Number of protein chains: 2
Amino acid sequence: MTKRLAPATPATLDETDRALLAALAADARQPVSELARLVGLSAPSTAERVRRLEAQGVIERFTVQIDPRALGFTLQAIVRVKPLPGQLHLVEDVIRRIPEFVECDKVTGDDCFICRLYLHSIEQLDEILSKVTERAETSTAIVKSTPVARRLPPLG
Amino acid sequence: MTKRLAPATPATLDETDRALLAALAADARQPVSELARLVGLSAPSTAERVRRLEAQGVIERFTVQIDPRALGFTLQAIVRVKPLPGQLHLVEDVIRRIPEFVECDKVTGDDCFICRLYLHSIEQLDEILSKVTERAETSTAIVKSTPVARRLPPLG
DNA sequence: GATGAAATCCCTGTAAT
DNA sequence: ATTACAGGGATTTCATC
C-alpha cells in the first residue's frame with residue numbers, strides 16, 4: 001500500500017526548519033556545511049535538524065526531479081479513469097504495472113482515478129490507453145504548460 | 001514561465017545512467033562513493049556522470065519529498081478549474097499566488113487547469129476555492145489514496 | 001575520449017564544553 | 001548549540017586503456 005500513518009500530532013516547525021526545508025527543496029544534495037551557512041547554524045546542529053525532520057516523517061525522502069522532455073517524453077497527459085463495474089481492482093493493477101503512469105490518485109466522485117502519463121508520442125497515448133479502455137472509461141487531457149510545478153506547501 | 005527548452009535530441013542513457021538515476025531517485029543525498037558502489041564504477045566517473053546528467057538537463061534538480069500529513073495537511077484535493085470567459089490569466093495568477101496549490105497544469109479540453117491542493121481541513125477547501133469561484137467553475141475530487149506515488153518514467 | 005588510481009582538501013560526525 | 005578533532009568522502013590531477 002501507499003499509505004503510511006500520519007503522526008498524531010503534526011510537527012511544529014520553527015523558522016530555521018522552514019529555511020532548511022526550502023534549501024533542501026532547492027538543492028537536496030547541498031553539503032550540510034552549506035545548509036548550515038544558509039540557515040545560520042553550525043553544521044552539527046543543522047545535520048541534527050535534518051535527521052529530526054526525517055525521523056518525524058516530515059521529510060519522506062530525498063529525490064531527483066527528472067525533466068521528461070530530456071528523455072524524449074514530449075507529451076504529458078492527465079487521464080481520468082472510471083472503471084466499469086467490478087473492474088476497479090484490476091484497473092488499479094493495470095495502471096500500477098504500466099510505468100508510463102508516473103502518478104495515480106484514487107479520488108472521490110465519478111472518476112475513480114486521476115493519473116499522469118509521460119508519453120513519447122500521441123500514438124503511444126492510444127497504445128497505452130487501449131490497455132485500460134477494456135475495463136474503464138477514460139477522459140484525457142493533454143498538458144499544455146505547467147503554471148505551478150510541484151512546490152512545497154506553506155510551512156507555517 | 002515554467003517552460004524550459006527541451007533538447008533537440010533526447011539524451012541517450014546507458015544501463016549505468018539508468019541505475020544511477022534510480023539510485024538518486026531513491027536517495028538523492030547518498031554520497032558519491034555509495035552511488036559508485038551501486039552502479040559499479042569509480043567515484044570520479046560516477047560524479048562525472050551525475051554532472052553530465054545535470055548538464056544535459058535530464059536531472060532538473062535534487063529535491064526533498066515532504067509528507068504533507070506530517071505537516072498537518074490531512075486532506076489532498078484535485079481540482080479542475082474552468083475559467084469564465086476573459087478570466088483565464090487572472091485565474092492562473094490567483095492559483096499561482098495561493099501556496100496551498102502545490103501543482104497546476106494547463107490542459108487541453110473543457111477544464112483549463114488541473115490542480116493539486118494540500119489542505120488542513122475541509123473548511124479550508126471552501127475558503128480557498130472561494131477565491132477562485134468568482135472567476136471560474138471548479139470541480140473537486142478528494143484524494144482517498146495514492147496507488148502510484150510520483151515515480152520515474154521508464155528510462156529505456 | 002573516457003575510465004581508474006592516488007593525493008590533497010574539505011566535509012561529516014562524535015564528543016566534550 | 002557550538003567548538004575541536006578524528007575519520008571518511010569528494011575532487012583534482014595524472015596515468016592508462
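Which helices of chain A and chain B each supply at least two residues of the surface near DNA strand C? They are helix H2 (32-39) and H3 of chain A together with H3 of chain B, and the legends below present them with their surroundings. This is a predicted model, in which local features need pLDDT of at least 70 and side-chain atom pairs count only at pLDDT 80 or more, while totals for chains, interfaces and linings use all residues. Residues are numbered from 1 along each chain as its sequence is written, chains are lettered from A and ligands numbered from 1 in the order in which they are written, and side-chain values use heavy atoms, with hydrogens and water left out.

**Figure 1. The protein surface near DNA strand C.** Chain A contributes Pro31(A), Val32(A), Ser33(A), Pro44(A), Ala47(A) and Arg51(A) to the residues around DNA strand C, and chain B contributes Leu41(B), Ser42(B), Pro44(B), Ser45(B) and Arg49(B); a residue is near a strand if one of its heavy atoms lies within 4 Å of it. By class, this surface has six nonpolar, three polar and two charged residues. Ala, Val, Leu, Ile, Met, Phe, Trp, Tyr, Cys and Pro count as nonpolar, Asp, Glu, Lys and Arg as charged, and the others, Gly among them, as polar. Helices (H or I, at least four residues) and strands (E, at least two) are DSSP runs, numbered from the N terminus.

**Figure 2. Phosphate contacts of DNA strand C.** Sugar or phosphate supplies 79% of the atoms of DNA strand C within 4 Å of the protein, and bases supply the rest. A backbone N or O atom of Val32(A) lies 2.5 Å from a phosphate oxygen of the strand. From chain B, an N or O atom in the side chain of Ser45(B) is 3.2 Å from a phosphate oxygen, and a polar side-chain atom of Arg49(B) lies 3.3 Å from a phosphate oxygen.

**Figure 3. The surroundings of DNA strand D.** Leu41(A), Ser42(A), Pro44(A), Ser45(A), Arg49(A), Pro31(B), Val32(B), Ser33(B), Pro44(B) and Ala47(B) surround DNA strand D. Sugar and phosphate account for 75% of the atoms of this strand that come within 4 Å of the protein. Polar side-chain atoms of Ser42(A) and Ser45(A) lie 2.9 Å and 3.0 Å, respectively, from a phosphate oxygen of DNA strand D. For Arg49(A), the distance from a side-chain N or O atom to a phosphate oxygen is 3.2 Å. H3(A) gives the most to this surface, with three residues.

**Figure 4. The interface of chain B and chain A.** In this view, 73 residues of chain B are in contact (heavy atoms within 4.5 Å) with 73 residues of chain A. The buried area is about 7,200 Å², of which carbon and sulfur atoms give 54%; buried area is the accessible area (1.4 Å probe) that two parts lose on being put together, summed over both. Six salt bridges are found across the interface, each a side-chain nitrogen of Lys or Arg within 4 Å of a carboxyl oxygen of Asp or Glu. One salt bridge joins the side chains of Glu103(A) and Arg150(B) (3.3 Å, N to O).

**Figure 5. The relation of the two protein chains.** A turn of 180° and a shift of 0.0 Å along the axis lay chain B on chain A with an RMSD of 0.1 Å, the copies being superposed by least squares on the C-alpha atoms of residues with pLDDT of at least 70 in both. The two copies are therefore related as by a two-fold rotation axis. The same surface serves both copies, as 100% of the contact residues of chain B recur in chain A.

Methods
Polar contact = N/O pair within 3.5 Å; in protein donor to acceptor, adjacent residues only side chain to side chain.
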